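User: Could you take a close look at the aromatic side chains in this model for me? I would like to see how the rings meet and where they sit.

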Amino acid sequence: MSTQVAADGNVYIAGTGRSTNGISTPGAYKEVTDGDGFIAKFDSSGARIWGTYIGGENYDAIFRGKLAGNNFCVQGITTSLTNIGTPNAFNSSYQQSSDLSNYFIINFDVSTQQVIWGTYFTSQITDLFVTPNNEVYFCGDTHATTGISTPDSYMPVKGPYIKSFLIKLNNIGQRIWGTYYGGNMGEQICFLAVDTLGDIYMHGMCNQSTTGIATENAFQSSIPPGTMSTYIVKFRDCASASTVSSNSPLCIGQNIELHAQGGTNYLWTGPNGFTSTEQNPVIPMAAAVNNGTYSCFISGTGCDATVTTDIVVGDTLAPVPSLPALPAISGECSVTVAIIPTAIDNCSGTINAVTADPLQYNTIGTYTLHWNYTDNNGNTATQQQTVTVNPASGPVINTEVSFSQCEGSTTIFDLPSVNPQITTYPGAVFTFYLSNSDALSQTGAINNPQSFSTTSSRDVYALVVLPNGCKAVATIHLIINAKPVLNNAVLAKCFGAGTAEFDLTEAQNIIDPSGILTLSYYASQNDLTTNNAIANSTNFGIAGTVQTIYVKGVNSNGCANTAELQVTASNISEMLLPDHLECADPDGNEIAFDLSEYQDEILTLLPTDTYAFEYYGSYDDAYNGTSNSLPAEYTFSSGSREIFFRVMGTTGCPYIIKLNLNIIDRPVLSMNAEYTFCRGSDITITAGSTYDSYEWSTGSLRPEIVVSQPGDYSLMVGKVTGGVTCYTTKHFTVTASDEPHIEDVIIQDLTDSDNMITVYPDEDTYEYSVDGITYQQSNIFTGLQSGMYTVYVRDTARCGIDSRKVTLLMYPKYFSPNADGKNDYWHIKNSFFSEKMTVFIYDRYGKVLASFNQHTQGWDGTYNGRPMPATDYWFVIERENGTEFKGHFSLLR
């Protein structure tokens, strides 16, 4: 936030907040916030006098402000696109930037609470200073290479790295000059001060620059490389320091007053040998010899410069009318202009106007007086004054009317017919004249005005005399409107079978190339005379093959003309080619038909001529010759297609020839890819009796064959459609099957219900079963209960069957040897029927307590005749095939 105290003790603050109340006052510049900054005024006792928000439609923040007189110049950052920049300021519109925000400066008049000017800026602003004459200096740092410096400034090109900058704006927010500042590295941030002599001091941060900063013999003219430091620099605004002015232009005999500003020493030179060392010299009694350019060499401040000003002696300014606009003069029946206007001239004083127009008007109407002011030196100014003569009372008199008629060899106008357009004043008398002067002098009146003839447009004039003696002259513009120009046309079309119906409007662009006429169509000359137009001009059926249609065109003035449209109907010849049949592609791919191959056949049907061929998929497209034509190579994969050839000769209507293309489906042959028979026998393979031809790879031509040898065979069958035979070939394999034989059976058991049997060999032609009823393709059986099973294997050709018995073992989880006849022995279930095995019983320490084979009762729970305690025991089953199974169980007492 920034606080500034004015000379009168009032306090101004500027800053940023989020409050929506307690900031602005009624009638303020902006009473409602959009996320804005604010400015407020307080008296010396701290009481708020007024407050306002400052900003646009988005976020706006104010960082600092400087007060100069009534101008409070504030600076901040914004994302608003409106209500910041003002017309003709340095940057009046939002500037595109990478961080989607702009800096801004707004100069605010605290006496009127209005923005004086505002400007956007893309680079960071860190300080500003306002001079007593409301010029603004501001500085900051930037990476920008444009929009900062001006030509001939201290540092017009930025160079590498970030640089400080200094810019001066005039009192309306326009850039006067700008410069970068920095050395061989980077400079950032800056702060400003301007002394009473206008010298500018800038202080900022120096990022290791060893050149381009300090001057010789300065307080610290160098720094070691790699050192961070600050800088202070002094600028002198030589571009604004020295100025001259004068009181030019001036009249002969007046004194020339020259003025110089800036510096301490002055040397003036000018026309007629003039020289002076005064700051503000005066040349008395100026004459024409004193005209010209005066130069002043201003020195003594370090900004030595020669400045010039042009002096004009003699009156070059036009007189200024005393009244910016002359009052209109009006009266009834007549008006006399009695007051002559005046103008003021800077050298000649008061000047009376003169005019070549009359000052007396006796005819009703509105007139313009042209006044001229000329001073003694030939400078002129002009003004116009309106004079209106009104009738005493009653209806208005129109002093300008138009009377239009369509052209003829001679056009007749009934002039009195326009009297009501001029006025309906009762008792008004109208007399018509060829010129305005004749009407005013009432000489040479038109005889027989009811039949006034003319061959071209012109004006005539009516003198209107009212009963009260007031007179008016009305201009009548006689306008002869030209008839429209229409062209005769021919509309010829070709038709198929049926009524020849025409869209007559298709000829409109030929009949009326301008496209601005209203056209109507008539079936006969009599219909044209009686205005009996054709009701449906877009669908008109003609009588016969040729008919003349009469066309009337009316323009915007109501003038009409006619033309003739000849419509001619011709027939389109239609033909049919024999159907073309083609067998479908065996793989279902599209078949390509070269439509151009049919051209020679078509040409034999037509008279000798040069023909152009187009191909279409519908009759309508071929009939109309649309853009939906087909390529010469036409492809599809199945079914039928209608093709229409549009054949156009050098004259006459086209021929349309229809061709049906048919793709015949190949016969479907359903056979197995493989057949199997038992070795030593044979197999009969049948294809069915629905085909027209058979050709087996064995040479047989019958629907079936008998095969006794394995191998690869094929059959080609044919089907006749419309005289075309389409074929399908099927390849198959015949194999001989032997009786199956079980080589091995692998079991995974000793579970309650998750046991598994795997039978070998695993052959694709084998089926497997564990109950002799239900067979499966897989050689693996899972989820089996423990018990005894018979495994069956058969081949798919049913050439034989093999079987093997299998036992799935299980052990009890506990037993209770208490001599009650139940569970007195622990043994392996179903082991009696199993292969040879030995079972070992262990205690928890791994000591063998007992062993037995599959044919014993099992363990009775004793060791050396002593009952063993109730606890868990472990066992190992060793099978004859070398596999082992380990587990444990519980002995219960």
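Analyst: Happy to help; here is a walk through the aromatic pairs and one charge over a ring.

This is a predicted model, in which local features need pLDDT of at least 70, side-chain atom pairs count only at pLDDT 80 or more, and totals for chains, interfaces and linings use all residues. Residues are numbered from 1 along each chain as its sequence is written, and side-chain values use heavy atoms, with hydrogens and water left out.

The structure holds 42 aromatic pairs. Rings of Phe, Tyr and Trp (its six-membered ring) pair if their centres lie within 6.5 Å; planes under 30 degrees apart are stacked, over 60 edge-to-face, and the rest tilted. One of the pairs is Tyr615 with Phe645, edge-to-face at 5.4 Å centre to centre and 85 degrees between the planes. Tyr615 belongs to strand β46 (residues 612-616) and Phe645 to strand β48 (residues 639-648), so this contact ties together parts 30 residues apart in sequence. Strands here are DSSP runs (E, at least two residues), numbered from the N terminus. Tyr615 is buried at 7% relative accessible area, and Phe645 is buried at 0%. Buried means under 20% relative accessible area (1.4 Å probe, protein chains only).

Tyr675 and Phe732 also meet edge-to-face, at 5.6 Å centre to centre with 80 degrees between the planes. Their pair links distant parts of the chain, strand β50 (residues 674-678) and strand β55 (residues 724-737), with the two residues 57 apart. Tyr675 counts as buried at 13%, as does Phe732 at 2%.

Elsewhere, ring pairs join Tyr811, Phe815, Trp826, Trp859, Tyr873, Phe875, Phe885 and Phe889 into a cluster.

How values were computed. Helices (H or I, at least four residues) and strands (E, at least two) are DSSP runs, numbered from the N terminus. Buried means under 20% relative accessible area, exposed over 50%, partly exposed in between (1.4 Å probe, protein chains only).
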